[in-house]
Amino acid sequence: MAGSGLQIFVAYPSLGPRGAQYSWYPFQGTPPPEWLRIGGWLGGGRHWHFAIAWFLILNGIAYLTYMFAKGEWRRRMFLPQRDLVNAATMFAYYTRLRKTPPPVDFYNGLQRLAYTSAIIFGIVMVLSGLAIYKPVQLHFLTVPFGGYDGARVVHLAGLALLMLFVANHLVLVALHPRELLNMITGGKRG
Ligand code: HEM
Ligand code: HEM
């Protein structure tokens, strides 16, 4: 999704409407490097992007339906009342401000915060993607993002946030490789 999105971005690597680009965006007119792109040209990038987007949407619907139907959200989602202090303490442990980790049940608070954020970023990507896909037919989706240009900004910011998540996620997976099995099986039954 990121590679094909960046290929699409090359067609107009600026933010804001033509003739009135946003002054806060420092990389106006700078295309992302070629090795980060998938698709070869605008049309190719769009084909890849939409092909994988529908898969992402179906996969997301299946995942969220299962999680809520089975009550799995209770142990997997970040619930501030339960998880906020645990997340802060875990952060202190990771940054060596604290010597001992907080008690952990299925996930620690920081994990829940990261996973729930990633799911929310995914939903925002789908909504902002649909908003720029059909800005006329799905006008009601484009308006909350502040219009077509706003939705593009959100879509691009979402890419950056997801990449930040993935970078941290992969470091932690590398440190705890045994969790890979849990990723496939869903872990212990609750
Ligand atoms: C992880 C998920 C995704 C990532 C990282 C991503 C990334 C990107 C990026 C970087 C662009 C270029 C922005 C621009 O120049 O306007 C883009 C464009 C676009 N994306 Fe996504 N995207 C994702 C998901 C989706 C989804 C689910 C849809 C739903 C249909 C979607 C639809 C679009 C559309 C319609 C465009 C503009 C295409 C065009 O104007 O030719 N994206 N995406
Ligand atoms: C855009 C890419 C990714 C996203 C958005 C993502 C998101 C997530 C989320 C939301 C969870 C929690 C799932 C749940 O409890 O239902 C999770 C768990 C996990 N992910 Fe990812 N992930 C990504 C890529 C990867 C990759 C590439 C790997 C490994 C190579 C990986 C390894 C894991 C593992 C091992 C867990 C389980 C952790 C545990 O049980 O303690 N993820 N991921």
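# A helical chain with two ligands

His155 has a relative accessibility of 17% and therefore counts as buried (buried is under 20% relative accessible area, exposed is over 50%, and partly exposed lies in between, with a 1.4 Å probe and protein chains only). This is a predicted model, in which local features need pLDDT of at least 70 and side-chain atom pairs count only at pLDDT 80 or more, while totals for chains, interfaces and linings use all residues. Residues are numbered from 1 along each chain as its sequence is written, chains are lettered from A and ligands numbered from 1 in the order in which they are written, and side-chain values use heavy atoms, with hydrogens and water left out.

**The chain as a whole**

- The protein chain has eight helices and zero strands (helices are DSSP runs of H or I with at least four residues, strands are runs of E with at least two, and both are numbered from the N terminus).
- Along the sequence, the pattern of the protein chain reads α-α-α-α-α-α-α-α.
- Along the principal axes, the C-alpha atoms of the protein chain fill a box of roughly 55 × 40 × 30 Å.
- The protein chain has 190 residues, and 28% of them are buried.
- Of the contacts in the protein chain between residues at least 6 apart in sequence, 53% join residues at least 24 apart (a contact means heavy atoms within 4.5 Å).

**Helix 5**

- Helix 5 covers residues 109–133, which is 25 residues, and its first and last C-alpha are 36 Å apart, close to the 36 Å expected at 1.5 Å a residue (the expected span is 1.5 Å times one less than the number of residues).
- At the start of helix 5, a side-chain oxygen of Asn108 comes to within 2.9 Å of the backbone nitrogen of Leu110 (a polar contact is a pair of N or O atoms within 3.5 Å; within protein, one must be able to donate a hydrogen and the other to accept it, and residues adjacent in sequence count only if both atoms are side-chain atoms).
- The buried residues of helix 5 are Gly109, Arg112, Thr116, Ala118, Ile119, Met125, Ser128, Gly129 and Ala131.
- The cover over these buried residues includes helix 2 (42–69), helix 3 (73–76), helix 4 (80–94), helix 6 (139–142) and helix 7 (148–175).

**Ligand 1**

- Ligand 1 is surrounded by 23 residues, of which Gly5, Arg46, His49, Arg152 and His155 are the closest (a residue is near a molecule if one of its heavy atoms lies within 4 Å of it; the rule for a strand is the same).
- An N or O atom in the side chain of Arg46 is 3.3 Å from an oxygen atom of ligand 1.
- Two histidines face nitrogen atoms of the ligand: a side-chain N or O atom of His49 is 2.8 Å from a nitrogen atom of ligand 1, and for His155 the distance to a nitrogen atom of ligand 1 is 2.7 Å.
- Helix 1 (2–10), helix 2, helix 5 and helix 7 are the elements that give two or more residues to the shell around ligand 1.
- By type, the shell around ligand 1 holds 17 nonpolar, four polar and two charged residues (Ala, Val, Leu, Ile, Met, Phe, Trp, Tyr, Cys and Pro count as nonpolar, Asp, Glu, Lys and Arg as charged, and the others, Gly among them, as polar).

**Ligand 2**

- The residues around ligand 2 number 15, and Tyr63, Arg76, Tyr107, Gln111 and His169 come nearest.
- The iron atom of ligand 2 has a single donor from the protein, NE2 of His169, at 2.0 Å (donors are N, O and S atoms within 2.8 Å of the metal, or 3.2 Å for Na, K and Ca; water is not among the atoms, so sites may look incomplete).
- A polar side-chain atom of His169 is also 2.7 Å from a nitrogen atom of ligand 2.
- Oxygen atoms of ligand 2 are paired with side-chain N or O atoms of Arg76, at 2.9 Å, and of Gln111, at 3.1 Å.
- Helix 5, helix 7 and helix 8 (179–185) each supply at least two residues of the shell around ligand 2, and the largest share, five residues, comes from helix 7.
- The shell around ligand 2 consists of 10 nonpolar, three polar and two charged residues.

**Single residues**

- His155 lies in helix 7, and beyond four places in sequence it is in contact with His49, Met125, Ser128, Gly129 and Ile132.
- His169 is in helix 7.
- Ala167 is another residue of helix 7, and with 43% relative accessibility Ala167 counts as partly exposed.
- From C-alpha to C-alpha, Ala167 and Leu127 are 23 Å apart in space, and they are 40 residues apart in sequence.
- Gln7 belongs to helix 1 and is buried, with a relative accessible area of 7%.
- Not counting residues up to four places away in sequence, Gln7 touches Arg37, Ile38, Gly39, Gly40, Trp41, Leu42 and Gly45.
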